[in-house]
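Me: I am new to reading structures and would like a close look at one part of this model, namely chain A and the way in which it meets its neighbour. Please take me through it slowly.

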Amino acid sequence: MATKIKARKKGNATEILVLVQHAMETGSRKDKKTKKVIPAHFIQTLNFSINGKSVADVAMGIGVSKNPLVGIRVKNAKSGDKIEVSWKDNKGETGGAKTAVK
Amino acid sequence: MKRRTFLKGTVATSALAVAAGAGLLRSGQALAAEWPTAAFDAGDVAAAGKAAFGSDGAASKDIKIKAPLQAENGAVVPVKVETSLADVKSIAIFVAKNPKPLATKVDFSGDSVGYYSTRVKMGKTSDVVVYVNSGGKILKASAMVKVTVGGCGG
């Protein structure tokens, strides 16, 4: 499952956008063919850090759309600052991505 | 504050806390253990808000919610929150008429701006309610989004 990250300056702030390819299954949907409930499978936590220091912790429930696109803005980010994002879902699967401020 | 509630957890989580304290886990992974189950399981906004923020919150005009007036597809409704409030510690987005209203919550530490954008599922036409913790004060705002095709099991 791919995770994409993008950081761009917007005035004084830097916007960090993350797109994770994830099913975000609610656990209440049924498979149309087998009529069986599709088990819940969704990202629960997503952490943003800059130069190794955590700046934001996102908690998600089943109400977040498939393939979550999450954006935050930070102040005082400098060119070359390392941005890292990591996520974990309810089945313990993890993923993440890295980039640097341009 | 976060750490305190974290340490009050069960034996399993306190073992995790020890591991985190010993630097065996990075902060992101340690925090992953504190997904706020009660807030996400709550059936209405007031209860979920209370579970997530400890208070029902007061209405504020300083929270701007950018969401479509009418969403063609309830499965993907873009929501942007911007606020001029000072010292924003956390922002949460609730969809009032979803079976589990709390969609997502973000906790900031450090140099963040009062801004959060994401995409949420909406079962039907509903208010989108946003809670903001601004320096310990709980404030909220809401915006109505009309949904023509639902996004929950539809």
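Reply: Read along the sequence, chain A of this predicted model follows the pattern β-β-β-β-β-β-β, which agrees with a count of 7 strands and 0 helices. Along its principal axes, the C-alpha trace of chain A spans about 50 × 25 × 20 Å, and 37% of its 102 residues count as buried. If you consider the contacts in chain A with a separation of 6 or more, you will find that 53% of them are accounted for by residues 24 or more positions apart.

It helps to begin with a pair of strands inside the chain. Strand S1 (3–10) of chain A pairs with strand S2 (residues 13–20) of chain A in the antiparallel sense, and 8 bridges are found over this pairing. One place to look for it is Lys6(A), whose bridge partner in S2(A) is Leu17(A). In general, the strands of a sheet pair through backbone hydrogen bonds, and the pairing may be either parallel or antiparallel.

These two strands belong to an open sheet of 6 strands, which takes in strands of both chains and has the order S1(A)-S2(A)-S5(A)-S7(B)-S4(B)-S2(B), with antiparallel pairing. At the edges stand S1(A) and strand S2 (63–66) of chain B, and because each has a single partner strand, one side of each is left without a neighbour in the sheet. On average, and with direction ignored, neighbouring strands of this sheet are turned by 15 degrees against each other.

A further pairing between the chains joins strand S4 (residues 53–60) of chain A to S6(B), where the two strands run antiparallel and are linked by 5 bridges. To find this pairing in the model, you can look for Val58(A), which has Val106(B) as its bridge partner in S6(B).

Taken as a whole, the contact draws 33 residues from chain A and 33 residues from chain B. On the side of chain B that touches chain A, the elements that give two or more residues are helix H3 (27–31), strand S6 (102–108) and strand S7 (112–120) of chain B. The largest share of that side, 8 residues, comes from S7(B), a strand that also appears beside S5(A) in the order of the open sheet. Sorted by class, the side of chain B that touches chain A has 17 nonpolar, 10 polar and 6 charged residues.

Methods
Residues numbered from 1 in each chain as written. Chains lettered and ligands numbered in written order. Predicted model: local features only at pLDDT ≥ 70, side-chain atom pairs only at ≥ 80, totals over all residues. Contact = placed C-beta atoms within 7 Å. Helix = DSSP H or I, 4+ residues; strand = E, 2+ residues; numbered from the N terminus. Nonpolar A, V, L, I, M, F, W, Y, C, P; charged D, E, K, R; others polar. Pairing = 2+ DSSP bridges. Buried ≥ 20, exposed ≤ 12 C-beta atoms within 10 Å, placed from the backbone. Axes fitted to C-alpha atoms, helices over the stretch in contact; angles between N-to-C directions.
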